[in-house]
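I opened this entry to keep track of what I looked up and where I found it. The notes follow the order in which I checked things.

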Amino acid sequence: MVRVGLTTERVVRAGAELADEVGFDQVTVSELARRFDVKVASLYSHVTSSQDLKTRIALFALEELADRAADALAGRAGKDALIAFANAYRDYGREHPGRAAAARLRLDPETAAASAGVRHARMTRAILRGYDLTEPDQTHAVRLLGSVFHGYSSLETAGGFSHSAPDSQESWTRILDALDALLRNWPTAPTL
C-alpha cells in the first residue's frame, strides 16, 4: 500500500538531500525510511532497492546539473562559455556534494543513453566547436574537461586545497585559463 504523501519524486528528492548530508555512498532505502518515519516496505512502492534509489538520484542530479549548465551557457561562446560551464559544475559540486557524486554513478548503457548525461556531452561538444577540434580530439577534450571539472570539485569539496596558499579560487581561474590555452592550441596527434 502506498503511503499518502509519498511519491517517487518525493522519495528521490529526499534521497538527493540525504546524499548531500551524509554522502552518496551512505544512502540506503533503510536510512531514507528512517527520515520519513516509515517502514522500509513503504518505500518499495517507489524504488525497488538501494541501487535503484541511487540510480534515480543519479538521474535526478544529471538532470538538475544539465539544467544549471544550460542556463549558464545561454548566449555564451568560446572562453566565456568554457568558464560558465566549468563554474556551473564547480558550484553544483560545492552546493550539492552528494548529488555531484551521484552524477558520476556508472549507469548501464541503456539508462545512460536515456539520461541527461547526453545533454552534458552535447553542451561540452558545443563549447568545443568554438575551438575547432575534430574527432577523435574532441572526444579526448570532452574527457579532459569532465575529469578536470569533476576532479577539482571533488578535491575542493573534500578540503584538499584548504591547507595551503594560493586560494583555490585563484587556482581555479588559472586552470580555466590553461584549459582555454590548451584547447586553442591542441597538440596534433603523433604519426605512427
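**Entry 1. The largest pocket**

I started with the lining of the largest pocket and sorted its residues by class: twelve are nonpolar, seven polar and two charged. I noted that the model is a predicted one. The volume I wrote down for this pocket is about 520 Å³. Its lining has 21 residues, and those closest to the centre are Tyr89, Gly117, His120, Ala121 and His150. I then looked up which elements give two or more residues to this lining, and they are H5, H8 and H9. Helix H9 gives the largest share, seven residues.

**Entry 2. The largest cavity**

How many cavities of 30 Å³ or more does a search of the whole structure find? I found one. About 50 Å³ of space lies in the largest cavity. I listed its lining as Leu65, Tyr89, Tyr92, Gly93, Ala100, Arg104, Phe149, His150 and Ser153. Two elements give two or more residues to that lining: helix H5, residues 78-95, and helix H9, residues 137-157. By class, I counted five nonpolar residues, three polar and one charged.

I compared the two lists of names. Tyr89 and His150 line the cavity, and Tyr89 and His150 are also among the residues closest to the centre of the largest pocket.

**Entry 3. The nonpolar core**

Next I looked up the largest nonpolar core, which has 56 residues. Which of them touch the most other members? They are Leu43, Phe149 and Leu183. The elements that give two or more residues to this core are H1 (8-22), H2 (29-36), H4 (50-73), H5, H6 (97-102), H8 (117-129), H9 and H10 (168-184). Helix H4 gives the largest share, eleven residues.

I followed Phe149 further, since I had already met this residue in the cavity lining. Setting aside residues up to four places away in sequence, Phe149 touches Leu82, Phe85, Ala86, Tyr89, Trp172, Leu176 and Leu179. Tyr89 in that list is another residue of the cavity lining.

**Entry 4. The whole chain**

I stepped back to the chain as a whole. It has ten helices and zero strands. The C-alpha trace spans about 60 × 40 × 35 Å along its principal axes. Of the 192 residues, 41% count as buried. I also checked contacts with a separation of 6 or more: residues 24 or more positions apart account for 70% of them.

**Entry 5. Two residues of helix H1**

I picked Val12 and Arg10, since Val12 is found in helix H1 and Arg10 lies in helix H1. Is Val12 buried or exposed? The relative accessibility of Val12 is 7%, under the 20% cut-off, so Val12 counts as buried. Leaving aside neighbours within four places in sequence, Val12 is in contact with Arg56, Ile57 and Phe60. I also took one distance: Val12 and Gly78 are 66 residues apart in sequence and 36 Å apart in space, C-alpha to C-alpha.

Arg10 has a relative accessible area of 43%, so I put it down as partly exposed. Outside its neighbours within four places, Arg10 is in contact with Gly5 and Phe36. From Arg10 to His46 I noted 36 residues in sequence and 9.5 Å in space, C-alpha to C-alpha.

**Entry 6. What the record says**

I checked the UniProt entry, which is unreviewed; its annotation "domain: HTH tetR-type" covers residues 5-65. That span is 70% helix and 0% strand, and its end C-alpha atoms lie 26 Å apart. UniProt also places the feature "DNA-binding region" at residues 28-47, again in an unreviewed entry. Over residues 28-47 I found 60% helix and 0% strand, with the end C-alpha atoms 11 Å apart.

**Entry 7. Backbone details in the loops**

I ended with the backbone. A cis peptide bond joins Glu135 and Pro136, with omega about 0°, and Pro136 is in the loop between H8 and H9. Another cis bond joins Ala165 and Pro166, also with omega about 0°. Pro166 lies in the loop between H9 and H10.

Asp37 has a positive phi near 55° and sits in the loop between H2 and H3 (40-43). With a relative accessible area of 67%, Asp37 is exposed. Asp132 has a positive phi near 55° too. I located Asp132 in the loop between H8 and H9, and its relative accessible area of 69% makes it exposed.

Technical notes: Residues are numbered from 1 along each chain as its sequence is written. This is a predicted model: local features need pLDDT of at least 70, side-chain atom pairs count only at pLDDT 80 or more; totals for chains, interfaces and linings use all residues. Side-chain values use heavy atoms; hydrogens and water are left out. On a 1 Å grid over the protein atoms alone, a cavity is a set of points where a 1.4 Å probe fits but cannot get out, and a pocket is an open set with protein on both sides within 12 Å along at least five of seven lines; lining residues have an atom within 4 Å of a point. Grid points are joined across faces, edges and corners, and a volume is the space filled by probe spheres set on the points. Helices (H or I, at least four residues) and strands (E, at least two) are DSSP runs, numbered from the N terminus. Ala, Val, Leu, Ile, Met, Phe, Trp, Tyr, Cys and Pro count as nonpolar, Asp, Glu, Lys and Arg as charged, and the others, Gly among them, as polar. UniProt positions are given in the numbering used here, feature names are shortened, and annotations may be inferred rather than shown by experiment. A nonpolar core is a set of buried Ala, Val, Leu, Ile, Met, Phe, Trp, Tyr and Cys residues joined through side-chain atoms within 4.5 Å. Buried means under 20% relative accessible area, exposed over 50%, partly exposed in between (1.4 Å probe, protein chains only). Contact means heavy atoms within 4.5 Å.
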